[in-house]
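Dear colleague,

I am handing over the structure below, and I would be grateful if you could read it alongside the notes that follow.

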Amino acid sequence: MTQILHADKTGVTRAAALLRDGALVAFGTETVYGLGADATNAQAVAAIFHAKNRPRFNPLICHYPSADRAFHDVLANPQARHVAEAFWPGPLTLVLPRRSDCPVALLTGAGLDTLAVRVPGHPDALALLRAAARPIAAPSANRSGQVSPTSAQHVLDGLQGRIAAVLDSGPCRVGVESTVLDLSGLAPVLLRAGGVSVEDLVACIGPIQRGGAHDAAGITLRSPGLMVSHYAPGLPVRLNAATVAAEEALLAFGPVLPGARCLFQLSPSGDTTEAAARLFEGLRWLDAEGGRLGAGGIAVMPIPDGGLGLAINDRLRRAAAPRGG
Ligand code: TXA
Ligand code: MG
């Protein structure tokens, strides 16, 4: 059963306690209802993908009660400080480089070196974020493929029984998602149109690219709202490994194949939610450790498609796909 909490002091305190315990709590913001989890707890973040039935890991937005708190976890440049000053709290999300000591789980940002951060403009959301006292990852609180919810009832229509609670703060004022602005590169790039208009952003910081960013060779790195560049390990990845070669590092799932010198276990019991929580950490670790030990590649044991297995396999197939182009 999903608890319905009213956004008074008692409800906010209860919702914050649930979040700190690793539970999922939907909450109202000025844009849409978000499905919140402790962003520093990879297992809780994996549960978001499970509850939404999302077939892919896409990077999630981290919510903070103030710009100061947000810029604790990401590196702010002068442009970021400028727009934060002008539009936060409000329907704007900024993509910035993670700080090296950023405590946010890698799964929250789908393994990327950047993190999307936002200070929402709803007093109940801010009260919850202050009480939770940690970054809260929150995609829109709908099942995958359904429209974003703008009331607590919409949330329950899609997620009743799948989440611990919903904090009811009434209907959402803006009703569309936040604008996503990438300030991590040389020029600002609009990744998603939303609650703050592009005109207002341009008036604040000058020209903003909309057609996606290009690298020095003119290759498109991103398309607005559609795609983000994905983390890929440096070592080649081999899927569905039934054996492991002497020079391979192993990404294990369940009972380990014999012979691996360098190994990262996603889930000894074969639990796909636990495996999802450890996936990006595992790929990064094997890349670094395997590389140090002179491994020639990463062998990945088969993972079933059930639960979060589908999203894990989607991610692994992309990591294994031929590079370049
Ligand atoms: O209004 C909103 O933004 C709502 C409320 C709950 O805050 N949240 C929301 O989250 O719409 P979601 O997960 O549905 O959308 C997040 C968007 C996606 O388009 C995602 O690709 C982009 O933000 N995003 C997140 N992290 C990113 C990153 N590191 N680089 C590029 N894009 C990123
Ligand atoms: Mg969404």
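**The shell around the ligand**

Sorted by class, the residues that surround ligand 1 comprise 11 nonpolar, 6 polar and 3 charged ones. Please keep in mind throughout that this is a predicted model. Of the 20 residues around ligand 1, those that come nearest are Thr31, His63, Arg118, Ser178 and Arg192. Three strands each supply at least two residues of this shell, namely S4 (61-63), S6 (114-118) and S10 (189-192), and the largest share, 3 residues, is contributed by S6.

Three side chains place an N or O atom at short range from the ligand's oxygen atoms, and I list the distances here for checking against the coordinates:

- Thr31 has a side-chain N or O atom 2.7 Å from an oxygen atom of ligand 1.
- Arg118 has a side-chain N or O atom 3.0 Å from an oxygen atom of ligand 1.
- Arg192 has a polar side-chain atom 3.0 Å from an oxygen atom of ligand 1.

Taken alone, ligand 1 exposes 690 Å², and the protein buries 92% of that area.

**Arg118 and Tyr64**

Arg118 deserves a paragraph of its own. This residue is part of strand S6, and with a relative accessible area of 2% Arg118 counts as buried, because the cut-off for that class is under 20%. Besides the ligand, the side chain of Arg118 has protein partners: a polar contact of 3.0 Å links it to the side chain of Glu30, and another, of 3.1 Å, links it to the side chain of Thr29.

Arg118 is also one of the residues touched by Tyr64, which is found in the loop between S4 and helix H3 (67-73). Is Tyr64 buried or exposed? At 3% relative accessibility, Tyr64 is buried. Leaving aside residues up to four places away in sequence, its contacts include Arg69, Ala70 and Asp73, as well as Val104, Leu115, Val117, Val119, Pro120, Leu126, Leu129 and Pro135. By contrast, the C-alpha atom of Tyr64 is separated by 38 Å from that of Ala249, which lies 185 residues away along the chain.

**Helix H2 and its ends**

Helix H2 (42-52) is largely enclosed by the rest of the structure, because 8 of its 11 residues are buried. The buried residues are Ala42, Ala44, Val45, Ala46, Ile48, Phe49, Ala51 and Lys52, and they pack against strand S3 (34-38), S7, helix H6 (152-159) and helix H8 (272-292). At the N-terminal end, H2 is capped by Asn41, a side-chain oxygen of which lies 3.1 Å from the backbone nitrogen of Gln43. At the other end, H2 is followed by Asn53, with a positive phi near 60 degrees, and this residue sits in the loop between H2 and S4.

**Backbone points to check**

Ala133 likewise has a positive phi, of about 55 degrees, although it is not a glycine. Ala133 belongs to the loop between helix H5 (123-132) and strand S7 (136-137), and its relative accessible area of 53% makes it exposed. I would also draw your attention to the peptide bond between Trp88 and Pro89, which is cis, with omega about -10 degrees; Pro89 lies in the loop between helix H4 (78-87) and strand S5 (92-97).

**Ala16 and the two domains**

Ala16 lies in helix H1 (residues 9-20) and, at 2% relative accessibility, counts as buried. Not counting residues up to four places away in sequence, Ala16 touches Leu128, Ala131 and Ala132. Between the C-alpha atoms of Ala16 and Leu263, which are 247 residues apart along the chain, the separation is 37 Å.

On the wider scale, the chain is divided into domain 1 (3-210) and domain 2 (237-320), whose C-alpha centres lie 30 Å apart. The contact takes 16 residues from domain 1 and 16 residues from domain 2.

With best wishes

Methods: Residues numbered from 1 in each chain as written. Chains lettered and ligands numbered in written order. Predicted model: local features only at pLDDT ≥ 70, side-chain atom pairs only at ≥ 80, totals over all residues. Heavy atoms only, no water. Near = heavy atom within 4 Å. Polar contact = N/O pair within 3.5 Å; in protein donor to acceptor, adjacent residues only side chain to side chain. Areas by Shrake-Rupley, 256 points an atom, 1.4 Å probe, with all protein chains shown as cover. Helix = DSSP H or I, 4+ residues; strand = E, 2+ residues; numbered from the N terminus. Nonpolar A, V, L, I, M, F, W, Y, C, P; charged D, E, K, R; others polar. Buried < 20%, exposed > 50% of the residue type's maximum accessible area, 1.4 Å probe, protein only. Contact = heavy atoms within 4.5 Å. Domains from an automatic or database assignment.
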